[in-house]
Amino acid sequence: GPEAFYVLDQDPVVIKEKTCRLEDEEPLGRIFDMDVIDRQGMPVSRAILGKPPRTCLVCQLPAVECYVGRNHSLTTVMEAVTKILEGAIIDER
């Protein structure tokens, strides 16, 4: 799907805190996967903030396990995304 890259002159851990807050607390946050890369090119993980891995959109396993293992069909994942989008639309009314 679509992707974007932003270069910010801020502490990568602070940025990761903000992206985690968006992913975890905003109604549509679940459908975004916001990675943060530090100045040395290394990813900043949720673990550094004491947060658990993100869960799969379909089941409760860590998302990376389902992604790598291709545990769910594209149709099943898209149905889960559709439910999230519909929920956000209903919440806005």
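This is a short tour of one protein chain, going from the whole chain to a patch on its surface.

The model is a predicted one, in which local features need pLDDT of at least 70 and side-chain atom pairs count only at pLDDT 80 or more, while totals for chains, interfaces and linings use all residues. Residues are numbered from 1 along each chain as its sequence is written, and side-chain values use heavy atoms, with hydrogens and water left out.

Begin by selecting the whole chain, whose C-alpha atoms fill a box of roughly 35 × 35 × 25 Å along the principal axes. Colour it by secondary structure, and three helices and zero strands appear, in the order α-α-α along the sequence; helices here are DSSP runs of H or I with at least four residues, and strands are runs of E with at least two, numbered from the N terminus.

Next, show the surface of the chain, which exposes about 7400 Å², with carbon and sulfur atoms supplying 58% of that area (Shrake-Rupley method, 1.4 Å probe; for residues, only the protein chains shown count as cover). Of the 93 residues, 18% count as buried, where buried means under 20% relative accessible area, exposed means over 50%, and partly exposed lies in between (1.4 Å probe, protein chains only).

Now select Phe-32, which sits in the loop between helix 1 (12-25) and helix 2 (63-69), and which is partly exposed, with a relative accessible area of 45%.
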